[in-house]
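Let's take a walk through this protein together. Have a look at the sequence and the fold below, and then we will go from its core to its metal site.

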Amino acid sequence: MTPPTAAAKELLARLVAFDTESAKSNIALIRFVEDYLAQHGIASERVPTPDGEKASLFASIGPTDRPGLALSGHTDVVPVAGQSWDSDPFTLTERDGRLYGRGSCDMKGYLACALAMVPQFKARGLNLPIHLAFSYDEEVGCTGVRPMIAELGKRLPLPRMVFVGEPTEMGVVDAHKGPVRWRVELKGRAAHSSMPHYGVNAIAYAGRLLGELLRMEEDLKAGAQDSRFDPPWTTLQITQIEGGTASNVVPVPCWFGWEIRALPGFDPMLLEGRLKAFAETHCLPEMRRLAPETEIRITATNRVSAYAADETSGIVPLTLQLAGQNKTYAVSYCTEAGLFQGGGAPAIVCGPGNIAQAHTANEFLSVAELEKCLRFLGRLADWAAA
Ligand SMILES: [Zn+2]
């Protein structure tokens with residue numbers, strides 16, 4: 001069958017027009033998708049947030065008595081604030097074979113392809129169902145997909161395989177690192193900065209902790225390597241810091257953020273344990289000798305599991321065959337694949353567009369990538385109909 005390129009472009013234009021930056025509601029977009037599916041006789045189910053401001057959407061095409069193949073993507077996009085665009089980011093604009101717009105590449109292009117294929121999926125007489133699983137809040141730590149995954153195997157069918165369409169230029173990604181983020185809050189004691197021996201300097205103790213983190217970073221660099229990743233080690237970064245109140249006061253508050261991106265098989269909690277032990281041994285006793293109310297709090301704020309494809313599920317050879325590829329890749333950014341797999345559904349990452357265009361001003365998806373994705377989904381439908 002011919003790829004429905006015109007329909008996919010039209011749908012992408014509609015999806016891009018909804019400003020679904022992660023901080024905003026995605027309900028208008030979800031309603032549009034529900035209506036579109038309903039016009040094709042497909043029922044869908046929302047998994048809403050408690051306040052109803054956002055929702056994931058799950059739909060099935062084909063038989064309902066067996067697990068199928070899920071096409072998964074997030075509906076939220078990163079902010080455009082501070083970026084200088086040559087055209088309105090929320091108006092899909094075609095120039096020189098490229099479709100410009102916020103989210104065109106990451107990852108409304110994949111959603112548009114999946115939706116454009118719905119009439120063909122219906123016409124195929126599928127033997128295995130094709131599910132659509134659209135999430136929200138991916139860009140703020142893969143949080144929105146979690147309630148939907150919690151429903152798989154309960155209110156919603158547990159897919160046999162999940163195809164996460166993050167931009168890989170239709171290459172097959174079968175592993176990614178797992179990010180974990182922490183916030184460290186210190187509380188010192190105030191004093192006039194001319195009399196520092198009466199105070200406890202929260203920034204100075206934060207400095208000691210940062211020193212330990214930098215030593216941990218060096219150890220990680222020298223530690224386990226997996227050459228499929230760039231860089232091949234578990235990375236550690238200090239990402240944010242804030243502290244102090246005035247130029248003549250021994251600072252009471254200081255906080256900083258740090259993250260790691262763990263290779264599959266690496267236990268991130270080892271690092272949390274090491275930093276906590278350092279604080280207990282090298283900071284807190286000294287701080288509390290002078291000021292018992294002083295504190296160091298180390299809290300994990302977000303965690304996504306590292307992901308390596310389930311070798312027993314057959315998803316890797318199948319996706320290679322559908323994508324016309326002969327090797328797989330590992331990436332350092334994270335996706336919802338690890339969470340699906342943790343929820344019992346083997347997952348793979350393969351989608352249109354280049355990650356280099358994601359999150360940038362003048363984000364685009366080339367029409368060639370869009371068509372590559374449509375042909376991939378056509379072969380997936382052939383397989384599901386066989
Ligand atoms: Zn994405």
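## Inside the predicted model

In this predicted model, the largest nonpolar core has 83 residues, and those with the most contacts inside it are Leu37, Leu71, Leu132 and Phe163. Helix H11 (residues 367-385) supplies the largest share of this core, nine residues. Apart from this core lies another one, of 29 residues, with Ala206, Leu210, Trp258 and Met287 among them.

Let's pick out Leu71. Not counting residues up to four places away in sequence, Leu71 touches a list of residues including Tyr110, Phe121, Phe163, Leu377 and Leu380.

Next comes the metal. Which residues are the protein donors of the zinc ion? They are His74, Asp106 and Glu166, with Glu166 listed twice, and the donors lie 1.8 to 2.5 Å from the ion. The angles among the four donor atoms run from 54 to 138°, and the site is irregular. Along the sequence, the donor residues follow the spacing H-x31-D-x59-E.

Here is where two of these donor residues sit:

| Residue | Location |
|---|---|
| Asp106 | helix H3 (residues 104-116) |
| Glu166 | loop between strand S7 (161-164) and strand S8 (172-176) |

Because of these locations, the pair Asp106 and Glu166 ties together parts that are 60 residues apart in sequence. Both Asp106 and Glu166 are buried.

Finally, meet Ile149 in helix H5 (residues 145-151). Is Ile149 buried or exposed? With a relative accessible area of 10%, under the 20% cut-off, Ile149 is buried. Ile149 touches Leu339, Phe340 and Gly343, not counting residues up to four places away in sequence.

Methods
Residues are numbered from 1 along each chain as its sequence is written. This is a predicted model: local features need pLDDT of at least 70, side-chain atom pairs count only at pLDDT 80 or more; totals for chains, interfaces and linings use all residues. Side-chain values use heavy atoms; hydrogens and water are left out. A nonpolar core is a set of buried Ala, Val, Leu, Ile, Met, Phe, Trp, Tyr and Cys residues joined through side-chain atoms within 4.5 Å. Buried means under 20% relative accessible area, exposed over 50%, partly exposed in between (1.4 Å probe, protein chains only). Helices (H or I, at least four residues) and strands (E, at least two) are DSSP runs, numbered from the N terminus. Contact means heavy atoms within 4.5 Å. Donors are N, O and S atoms within 2.8 Å of the metal (3.2 Å for Na, K and Ca); water is not among the atoms, so sites may look incomplete. Four donors count as tetrahedral if all angles lie between 85 and 135 degrees; four count as square planar and six as octahedral if opposite donors are over 155 degrees apart and all others between 65 and 115; anything else is irregular.
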